[in-house]
Structures are given as structure tokens and as C-alpha cells.
Amino acid sequence: MSRQQALLETLVALADTLDADYDPAEHLHMLADHCVEALDAAAAGVLLSNGPQLEVAAASSREVRVLELFEALQREGPCVDAFERGVPVRECDLSGSAKRWPGFAPQAIELGYRCVYARPMARGGERIGALNVFWSDATRIDPAGEVVAKTLADMATIGILHERALSAANEQILRLRRAQDQRAVVEQAKTLLAERLAVEPDEAYDWLRRYARDRNQRLRDVSQRFINGELGEHHFAPE
């Protein structure tokens, strides 16, 4: 398989977030692995934001995972800079970066990495993390390589954001359904209590609510117990 064909298949895979088996972690590991292949790199890793913190989301090797973990914990390194500044970060010879990254640069060199390219993972003004790509020699990523890295990072970002949007939408639907179910139970109990006590539904509702409040119970639970026959109408009517 040619590199171009492999790249195209990677893009298709990164774009496919509608599959029921979609896994964000696997998605990002694919990004790291294919960045190594497509850019003739030694390693690649991904940091994702989790609130104010950055966390290691993927790495092409155990060694680069340790290095990325250092970046995340110490908030120092090219991936952190790319994320915080929102611009790509290039360093063609890490041996001259001791002042820039006093902790990160020596560790990267010790692991055999000499050159690094990092770019933010962002879409529509929202930054979710950053991609790090490493080479073992002091080289410079060419414009074509930057386009490839940007394309892969953008596709992965779109996938992650799409999955998050779907999850948020599904959660909102579940919350609405729970609220509707709760209202339905309370309405049923209110109507039933009003019929049995020959009062207006609003008055029956007030009695249900007062009973629940006085006993520090949820109105829905009290209503359900009344519907189930666990509570009788005499529990609610004022003396």
C-alpha cells in the first residue's frame, strides 16, 4: 500500500465517528501511530485537556508516553506550548532548548529524540489538546509534512468533538425524558388523589408536595408510592 493510500484510509477512519464501536482512545492512538508512519517520525503523542489539566490521551510508544506524562504534570514542553498558545511549535534541535524547556528537553534527548513538532488540536475556537511528533535526528518538518500533520490532527479533533456533541445531546435527551417521566407520575398521582378526595387537582398537588417536603422525600417517589397503593389518600388529606 502506498503512503498516499494509507493516508487516505487513515483520514476515512479518523472521520468515522458514527460507528457504534467508535472509541475515542483508539481514535487518538490511530492518530499517533499514523503520524509516525506518514511523517517518517520516531514517535508521536497526544495530550487532551480535562478541565484545567492536560492528560496523556495516546502515544505511539511507552517511552513517549512517559515523556508526555512529564509534559502534562509539569506543564512544560512543546505540546503544552502549542495548546496554551494555540499555534504550532517547532524545535529542530532539542539540544539547544535547555532554557526553553529545562526539564523536558534533556529527557527527550535521553530517549533519543532530537526534533519535535507540536500543533494544537482545535476547531471553531475550541482547543481540546495538542499533538506532538518526534524525530530522532535534527531535522525540520517540511511544509508538506505540516499539512499532513494538520490534516490528521484536524480530522481527529472533528471526530472527538463530534463524539462529545453526540454524547451531550444524548444526555440532554435522557434528562428530558426523566423530567417528562417525573411530571407524568406526579400528574397521574395528582389526578387520582383529586378524584378520591373530590378536590381540585391543584389542591391535591399541594397536599402531595407538602407530604413530600415534610418528610424530606422526592415528590416523584411519593407520587409513585401513592399510585402503587403503598400510600392511601388519608395520608395526604389535612386533618
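**View 1. An open sheet of 5 strands in order 2-1-5-4-3**. In this predicted model, neighbouring strands of the sheet pair in antiparallel fashion. Strand 2 (53-59) and strand 3 (89-91) form the edges. Each has a single partner strand, so one side of each lacks a neighbour in the sheet. From one strand to the next, the twist averages 20°.

**View 2. The pairing of strand 4 with strand 5**. Strand 4 covers residues 115-123 and strand 5 covers residues 126-135. The two run antiparallel and are joined by 9 bridges. One residue pair can be picked out here: R119 has L131, in strand 5, as its bridge partner. Strands of a sheet pair through backbone hydrogen bonds, either parallel or antiparallel.

**View 3. Helix 3 packed on the sheet**. Helix 3 spans residues 62-74 and touches strand 1 (43-50), strand 2 and strand 5. The direction of helix 3 makes about 170° with that of strand 2.

**View 4. Helix 4 lying across strands 1, 2, 3, 4 and 5**. Helix 4, made of residues 78-85, runs at about 150° to strand 5. Of its 8 residues, 6 are buried, so helix 4 is largely enclosed by the rest of the structure. The buried residues are P78, C79, V80, D81, A82 and F83; buried here means under 20% relative accessible area.

**View 5. The residue G86, just after helix 4**. The backbone of G86 takes a positive phi of about 75°. This residue follows the helix that lies across strand 1, strand 2, strand 3, strand 4 and strand 5.

Notes
Residues are numbered from 1 along each chain as its sequence is written. This is a predicted model: local features need pLDDT of at least 70, side-chain atom pairs count only at pLDDT 80 or more; totals for chains, interfaces and linings use all residues. Side-chain values use heavy atoms; hydrogens and water are left out. Two strands pair if DSSP finds at least two bridges between them. Helices (H or I, at least four residues) and strands (E, at least two) are DSSP runs, numbered from the N terminus. Axes are lines fitted to C-alpha atoms, for helices over the stretch in contact, and angles run from 0 to 180 degrees between N-to-C directions. Contact means heavy atoms within 4.5 Å. Buried means under 20% relative accessible area, exposed over 50%, partly exposed in between (1.4 Å probe, protein chains only).
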